[in-house]
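Hi everyone, thanks for coming. I'd like to walk you through one model today, helix packing to begin with and pockets after that. Have a look at the screen while I talk.

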Amino acid sequence: MEISTIIGLILGIVSVLVGMVLKGSPLTSLWVPAAYVIILGGTAATLFIGFPMAELKKIPKLLKIVFVKQQLMDRIQMITLFMEWASITRREGLLALETKVEEIDDDFLRNGMRMIIDGNDQDFVRDVLMEDVNATEDRHKAGALIFSQAGMYAPSLGVLGAVIGLIAALSHMEDMVELAKAIGAAFIATLLGIFCGYVLFHPISNKLKRLSKNEVELRLMMIEGLLSIQSGVSTIAINQKLSVFLTPAERAQMKQKEDGSSE
């Protein structure tokens, strides 16, 4: 479970509810069915108009990605693995890695390993793997765009809902109490639209982009490692080359691990 998503969702809802109580607004005022129909139904309508059905069918899967912790190979572990493979290659040749292929869980890395073992040209291997990375990145961008667009539409529909509510409020001009209630209900649509847009949809889009960036960086790291093995570089050279993908904290951890193994 991606704990940051859960914390953000709960914190956002609680903040609005507590804020309303502190401002003296009754929570029961949030129950305005018309506002939910306009915001949620209207946002859904804009997405159906703006995106192909094939992309919209992926929304449940995209939401699952946001709520389930991303499972990626540890970068330090990956460097260690590439160093081991480089050592085997320099001693026994690339064909010796055939026994390691089926042990690889990641499809992208397994495919790349098979390509270099088969003796394909380095430029060909890089081009194929980069095309795969670019295609994956494009798919991820399309998914994030759905929520980004929803985040743009929802607040505008909130204004639309408020206008509709104010038009309805004009029919209560003779009764000030009913007029006040109608005006309050009208602005619930604005509140709901802003909340959905800036607390839900835009943050979800941003998280999808960040998760995509993590995966793309990891795949680029794999490509560099595979091509380095194919070139026959030393384990030290691979370590130095792939360490540029690590954060300062990860580099310190890597160094600590190396110092511990050398003692």
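**Helices and pockets**

Let's begin with a pair of helices: H5 and H10 cross in a right-handed way. Before I go on, please keep in mind that this is a predicted model. The residues that make this contact are Ile79, Phe82, Met83, Ala86 and Ser87 on the H5 side, and Thr235, Ile238, Asn239 and Leu242 on the H10 side. Sorted by class, six of the contact residues are nonpolar, three are polar and none is charged.

How do the two axes sit? H5 covers residues 75-92 and H10 covers residues 235-242, and their axes come within 9 Å, crossing at roughly 155 degrees. Angles over 145 degrees count as roughly antiparallel, and H5 and H10 are therefore roughly antiparallel to each other.

Now stay with H5 and turn to another partner, H9. H5 and H9 pack at an angle of about 15 degrees, and their axes are 10 Å apart. With the cut-off for roughly parallel being under 35 degrees, that makes H5 roughly parallel to H9. The crossing of H5 and H9 is right-handed.

Which residues meet there? From H5 we have Arg75, Met78, Ile79, Phe82, Trp85, Ala86 and Thr89, and they meet Asn214, Glu217, Leu218, Met221, Met222, Gly225, Leu226 and Ile229 of H9. By class that contact has 10 nonpolar, three polar and two charged residues. If you'd like some residues to click on, Ile79, Phe82 and Ala86 are among those of H5 that touch H10, and Ile79, Phe82 and Ala86 are also among those that meet H9.

H9 has a further partner, H8. The axes of H8 and H9 come within 7 Å and cross at roughly 175 degrees, which makes H8 roughly antiparallel to H9. The contact of H8 with H9 contains 31 nonpolar, 17 polar and seven charged residues.

On to the pockets, which I suspect some of you have been waiting for. The volume of the largest pocket is about 600 Å³. How many residues line it? There are 19, and Lys61, Leu62, Ile65, His140 and Glu215 are the ones nearest the centre of the pocket. Three helices, H4 (59-67), H8 (122-169) and H9 (176-231), each give at least two residues to this lining. The largest share comes from H8, with five residues. As for chemistry, the lining of the largest pocket has seven nonpolar, five polar and seven charged residues.

The second largest pocket has a volume of about 310 Å³. Its lining has 15 residues, and nearest its centre are Asp106, Asp107, Phe108, Glu215 and Arg219. Here H7 (107-117), H8 and H9 each supply at least two lining residues. The class split for this second pocket is five nonpolar, four polar and six charged.

One residue to take home is Glu215. Glu215 is listed nearest the centre of the largest pocket, and Glu215 is listed again for the second largest pocket. That's my tour, and I'm happy to take questions.

Terms used: Residues are numbered from 1 along each chain as its sequence is written. This is a predicted model: local features need pLDDT of at least 70, side-chain atom pairs count only at pLDDT 80 or more; totals for chains, interfaces and linings use all residues. Side-chain values use heavy atoms; hydrogens and water are left out. Axes are lines fitted to C-alpha atoms, for helices over the stretch in contact, and angles run from 0 to 180 degrees between N-to-C directions. Helices (H or I, at least four residues) and strands (E, at least two) are DSSP runs, numbered from the N terminus. Angles under 35 degrees count as roughly parallel, over 145 as roughly antiparallel, 65 to 115 as roughly perpendicular and the rest as oblique. A crossing is left-handed if the near helix is turned anticlockwise from the far one by less than a right angle, and right-handed if clockwise. Contact means heavy atoms within 4.5 Å. Ala, Val, Leu, Ile, Met, Phe, Trp, Tyr, Cys and Pro count as nonpolar, Asp, Glu, Lys and Arg as charged, and the others, Gly among them, as polar. On a 1 Å grid over the protein atoms alone, a cavity is a set of points where a 1.4 Å probe fits but cannot get out, and a pocket is an open set with protein on both sides within 12 Å along at least five of seven lines; lining residues have an atom within 4 Å of a point. Grid points are joined across faces, edges and corners, and a volume is the space filled by probe spheres set on the points.
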